[in-house]
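These are notes for a colleague who is opening this structure for the first time. They are best read with the model on the screen.

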Amino acid sequence: MFENRTEAEARQEILESVREYCDTFHKAKVYHEGDRIPYASRVYDSAEMTNLVDSALEFWLTSGRYTDRFESGLADYLGVRYCSLVNSGSSANLLAFMALTSPLLGERAIGRGDEVITVAAGFPTTAAPIIQYGAVPVFVDVTIPQYNIDVNMLEEALSDRTKAVMIAHTLGNPFDLKAVSLFCKKHGLWLVEDNCDALGSEYTLDGERKLTGTVGDIGTSSFYPPHHMTMGEGGAVYTDNALLHKCIRSFRDWGRDCICPSGKDNLCGHRFDGQYGELPRGYDHKYVYSHFGYNLKATDMQAAIGCAQLEKFPSFVEKRRHNFNRLMEKLTEGGAGEKLILPKPCENANPSWFGFPLTCKDGAARDNIVRYLEEHGVQTRMLFAGNLTKHPCFDEMRKSGEGFRVVGELTNTDRIMADTFWIGVYPGMTDEMIDYMARTLIEALG
């Protein structure tokens, strides 16, 4: 088939065929009323598929040129110096936390038994690294209808063991970054922004527009299919701090001390002449480990998809905002606010909404509403864990009374567990889909 062709010509022919295949067989489905409306879905075209095949034809498999391109592109978009691609958003949170345990940070390093302020009304992988390392998550309540940390509880949560605050921007709605960042600066605490559900959200701080994930010391993202952009599985960790970046890369790449990328040796010119720990002088720097790390890199095929998604990303953000605003308008016009608490953006924020959260008022039963929506083709989701401390993974800690701390009453957290759900606003939704969701929800309330 490829006789008398160069490799470049053969590759181009394959990619043209892939493009034609995608355009023919992966067209976006035309929506008809009554079709099931998922809370989220992939939005892509032939650019993602041809990039994927282009990377596969190289058969490099691990991180390579597409990874470099994606890390550079995301860093440019965010306006940060350093970005590290990883294999999931959960791994991104793990790396963000573990970087703060590095001995390279001296007295500011998080140790076992140190405390990290967070919330229980969220996704478990924000808190999991804290617990698994042996630090102590300190859970405080959230506000409704913002669904973010109650900043009035921060000072009460502080102790002489507090080292960091690690919280997410819930469903794309930024938490109060001004209050939280001032609190962290006042007490010399690290701030990790779990930005996995909020990529593209904006917050105006001291008159300057900032993207969420870039205000704190470290930000994280997820590229799982439902998220703001996707590469199937994948995530990223980003920072402006050179030392934190060094720690992040070390933990991501097996814990090694060497900074040479995969497939390259001796960039520093000192591979065989250093003294590390109690190793023999001159021990190969490629096999010197300064941390107990992992291999959390993504493949170049994932990065190839991400590169195509990143080009579309600004349009994704605008479509999410459009869908949210249209849904809000339709629900308000239909009187949904009489039985449901409608979401409210944080002050000074312009969210890139991941979903549309709703909390039932007295007299409205969530189970009945959710059942009606699901039976009529509208997919719903709970607000993740509801109250994480009520889950089976906390059984042993609840029995022992050790391993975590709760400050005050988690009143709103428990209410979210009982009364809150959300529906989607992903960029593949049309106005017809949004209008149908609004009508069906209003019917459910009736």
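1. A definition is needed at the outset: a residue counts as buried when its relative accessible area is under 20%, as exposed when that value is over 50%, and as partly exposed in between. Y133 has a relative accessibility of 14%, and therefore counts as buried. Please keep in mind throughout that the model is predicted.

2. On the overall build, the protein chain contains 13 helices and 15 strands. Its radius of gyration is 23 Å, close to the 22 Å that the globule rule gives for 446 residues, so the chain is as compact as a globular protein of that length. The C-alpha trace spans about 75 × 70 × 45 Å along its principal axes, and 53% of the 446 residues count as buried.

3. Aromatic contacts deserve a careful look, since the count comes to 13 aromatic pairs. One of them joins F97 and Y133, whose ring centres lie 5.7 Å apart with the planes at 70 degrees, an angle over the 60 that edge-to-face pairs require, so this pair is edge-to-face. It links distant parts of the chain, as F97 belongs to helix α4 (residues 89-99) and Y133 to helix α5 (residues 124-133), 36 residues apart. F97, at 1% relative accessibility, counts as buried.

4. How are the rings of F324 and W353 arranged in their aromatic pair? They are stacked, with 4.0 Å from centre to centre and 0 degrees between the planes. F324 lies in helix α9, whereas W353 is in the loop between β11 (349-350) and β12 (355-360), so the pair ties together parts that are 29 residues apart in sequence. Both partners fall under the 20% limit and therefore count as buried: F324 has a relative accessible area of 4%, and W353 has a relative accessibility of 4%.

5. Beyond these two pairs, a cluster can be traced in which ring pairs link Y39, F123, F354, F384 and W422.

6. Two arginines should be examined together with the aromatic rings that they cover. The charged end of R112 sits over the ring of Y133, at 4.3 Å from its centre, and Y133 is the residue already described as the edge-to-face partner of F97. R108, in turn, lies over the face of W190, 3.7 Å from the ring centre.

7. On the surface, W254, L279, Y283, Y287 and Y289 form a nonpolar patch, with about 530 Å² of accessible area together. Y289 is placed in the loop between α8 (242-252) and α9 (300-333), and its relative accessible area of 47% lies between the two limits, so it is partly exposed. W254 is found in the loop between α8 and α9 as well, and at 38% relative accessibility it also counts as partly exposed.

8. Some backbone details merit a second look, because most residues other than glycine have a negative phi, and most peptide bonds are trans. W254, a member of the patch just described, has a positive phi near 70 degrees although it is a residue other than glycine. L61, which is not a glycine either, has a positive phi of about 75 degrees; L61 lies in the loop between α2 (46-58) and α3 (65-78) and is partly exposed, with a relative accessible area of 34%. Finally, the peptide bond from I144 to P145 is cis, with omega near 20 degrees, and P145 is located in the loop between β3 (136-140) and α6 (154-157).

Key: Residues are numbered from 1 along each chain as its sequence is written. This is a predicted model: local features need pLDDT of at least 70, side-chain atom pairs count only at pLDDT 80 or more; totals for chains, interfaces and linings use all residues. Side-chain values use heavy atoms; hydrogens and water are left out. Patches are made of residues with over 30% relative accessible area and no salt bridge: like charges are joined within 9 Å, nonpolar side chains (Val, Leu, Ile, Met, Phe, Trp, Tyr) within 5 Å. Accessible areas come from the Shrake-Rupley method with a 1.4 Å probe; for residues, only the protein chains shown count as cover. A salt bridge is a side-chain nitrogen of Lys or Arg within 4 Å of a carboxyl oxygen of Asp or Glu. Helices (H or I, at least four residues) and strands (E, at least two) are DSSP runs, numbered from the N terminus. Buried means under 20% relative accessible area, exposed over 50%, partly exposed in between (1.4 Å probe, protein chains only). Rings of Phe, Tyr and Trp (its six-membered ring) pair if their centres lie within 6.5 Å; planes under 30 degrees apart count as stacked, over 60 as edge-to-face and the rest as tilted. A charge sits over a ring if NZ of Lys or CZ of Arg is within 6 Å of the ring centre and within 35 degrees of the ring normal. The radius of gyration is taken over C-alpha atoms; the globule rule is 2.2 Å times the number of residues to the power 0.38.
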